[in-house]
Amino acid sequence: MAAGTVKADVVLAGTDTVAIGPADLNLKEGTATIVYAIGSASDKNLKLVAQTISGLHSAPGGVPSGTGGQAGTGVDTWWYVLAGAGVLLLVGGGARVATARTGRR
Amino acid sequence: MTVRDRGALAAMAAGAAALTVATLVACGSRPAEDVGADEAAALAGATPTRTASAAATGDSAGVPVNAGALPAGGATIPPVRLRIPAIGVTATVDPVGVNQRTDEFEVPPSVDRVGWYRYGPGLEADGGSVVIAGHVDAADQGEGAFFRLRELDRGDTVTATGDDGRERRWRVVAREEYAKTKIPLDRYFARDGSPRLTLITCGGPFDAKTRHYRDNIVVTAVPA
């Protein structure tokens, strides 16, 4: 049952006579409410006693709150490619210089 | 100096430049680190009130006895307006629930509005986590109300106005970033523990294929 206010009444068994109510029950999310009718209809002392069990709630499955990508903080793959190319150029160039120098001697 | 030499030196210079630029970009785009994670966790684990009251009354049996009254219309005070001067946010707050289809938090579709979890505590609560979530951005609407949420820092002030017109001030104690698969949502949607305000949005790396962010940014504030 969805959380919210529910109108409930007690009807005598086998009749349409409303013995109690209707009473407003404010049912909170994450609770189970059990309402008992206590007393005697013929003695006209029927009343309600409620038992509320709380702590049955759960959290939502997730919080989806962005589809634009403007706030993305990750590093784009192309920057890693650029860094890799930089390292290759450095090593390649260095090796070339080194072989040129030893070759001249 | 030979032509070969010059070419090699040029290659080295280009390589060094490329490496420097890539490193700078990588460091520059690194998100701010989490702050106050321990404090946020401690707020959730506050002593349950039931054991405290049982001990106080000397109830040796330890069985809680509750009145059998009908569940009363609890006076929940929903927040209607949220103000965060430090990041220039003034947003209308809508009461929202859970999307029946996806089982996820129903963040208001308009990026200028933020959503308060109406099943959790409202501003009247003396315990539990008041949750407000908003968009960081949207593909069709641009920057959202919580675009700069990750810039909030400890000590910043958040003001929430209830539908009773009263302003309540909160002080930021923590900012955390979690992968959406690992975020302890039970803790942030808890209805017990110390009173706290939890602000949630998206963050971290963006996956352009699925059009989703990998992480959630969570800011926790306590009554100031």
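This is a dialogue on how to read the domains, barrel, core and chain contact of a predicted model.

Biologist: Where should I begin, and into which domains is each chain divided?

Modeller: Begin with the domain assignment, keeping in mind that the model is predicted. Chain B is divided into domain 1, residues 1-30, and domain 2, which takes in 33-45 together with 76-223, and the C-alpha centres of these two domains of chain B lie 44 Å apart. Chain A is divided into domain 1 (4-53) and domain 2 (76-105), with 83 Å between the C-alpha centres of domain 1 and domain 2 of chain A.

Biologist: In what order do the strands of chain B close into a barrel?

Modeller: The general idea is that strands of a sheet pair through backbone hydrogen bonds, either parallel or antiparallel. In chain B, eight strands close into a barrel in the order 1-2-3-4-9-10-8-7, with mixed pairing, and the twist from one strand to the next averages 35 degrees.

Biologist: Which strands pair with strand 3 of chain B, and in which sense, parallel or antiparallel?

Modeller: Strand 2 (residues 89-96) of chain B runs parallel to strand 3 (residues 113-117) of chain B, and five bridges join them, whereas strand 3 and strand 4 of chain B pair in the antiparallel sense over three bridges. Residue by residue, Asp94(B) has Gly115(B) as its bridge partner in strand 3 of chain B, and Val93(B) stands opposite Val114(B) in that strand; Val114(B) in turn stands opposite Gly134(B) in strand 4 of chain B. Strand 3 of chain B is also mostly covered, four of its five residues being buried.

Biologist: What lies across the strands, and at what angle to strand 8 of chain B?

Modeller: Helix 2 (residues 37-44) of chain B lies across strand 8 (167-179), strand 9 and strand 10 of chain B, and runs at about 115 degrees to strand 8 of chain B.

Biologist: Val35(B) is in the loop between helix 1 and helix 2 of chain B, but why does Val35(B) count as partly exposed?

Modeller: Val35(B) has 17 other C-beta atoms within 10 Å, and that count makes the residue partly exposed because buried begins at 20 and exposed means 12 or fewer. Setting aside residues up to four places away in sequence, Val35(B) touches Asp153(B), Arg154(B), Ala174(B) and Arg175(B); the C-alpha atoms of Val35(B) and Ala174(B) are separated by 5.2 Å, although the two are 139 residues apart along the chain.

Biologist: Which residues touch the most other members of the largest nonpolar core?

Modeller: That core has 50 residues, and those touching the most other members are Leu82(B), Val114(B), Val131(B), Ile132(B), Ala133(B) and Val219(B). Beyond its neighbours within four places in sequence, Ala133(B) is in contact with residues of chain A, Val63(A) and Ser65(A), and with residues of chain B, including Phe105(B), Val114(B) and Ile200(B). A second, separate core of six residues includes Ala83(A), Ala8(B), Met12(B) and Ala18(B).

Biologist: How many residues does each chain give to the contact, and which element supplies the largest share on the side of chain B?

Modeller: In general, the size of an interface is often given as the accessible area lost when the parts come together. Counted here in residues, the contact takes 59 from chain B and 47 from chain A. On the side of chain B, the elements giving two or more residues include helix 1 (3-28), strand 4 (129-134), strand 9 (196-207) and strand 10 (212-223); helix 1 of chain B supplies the largest share, 16 residues. That side of chain B divides into 34 nonpolar, 15 polar and 10 charged residues.

Terms used:
Residues are numbered from 1 along each chain as its sequence is written. Chains are lettered from A and ligands numbered from 1 in the order in which they are written. This is a predicted model: local features need pLDDT of at least 70, side-chain atom pairs count only at pLDDT 80 or more; totals for chains, interfaces and linings use all residues. Two residues are in contact if their C-beta atoms, placed from the backbone, lie within 7 Å. Ala, Val, Leu, Ile, Met, Phe, Trp, Tyr, Cys and Pro count as nonpolar, Asp, Glu, Lys and Arg as charged, and the others, Gly among them, as polar. A nonpolar core is a set of buried Ala, Val, Leu, Ile, Met, Phe, Trp, Tyr and Cys residues joined through C-beta atoms within 7 Å. Two strands pair if DSSP finds at least two bridges between them. Axes are lines fitted to C-alpha atoms, for helices over the stretch in contact, and angles run from 0 to 180 degrees between N-to-C directions. Domain bounds come from an automatic or database domain assignment.
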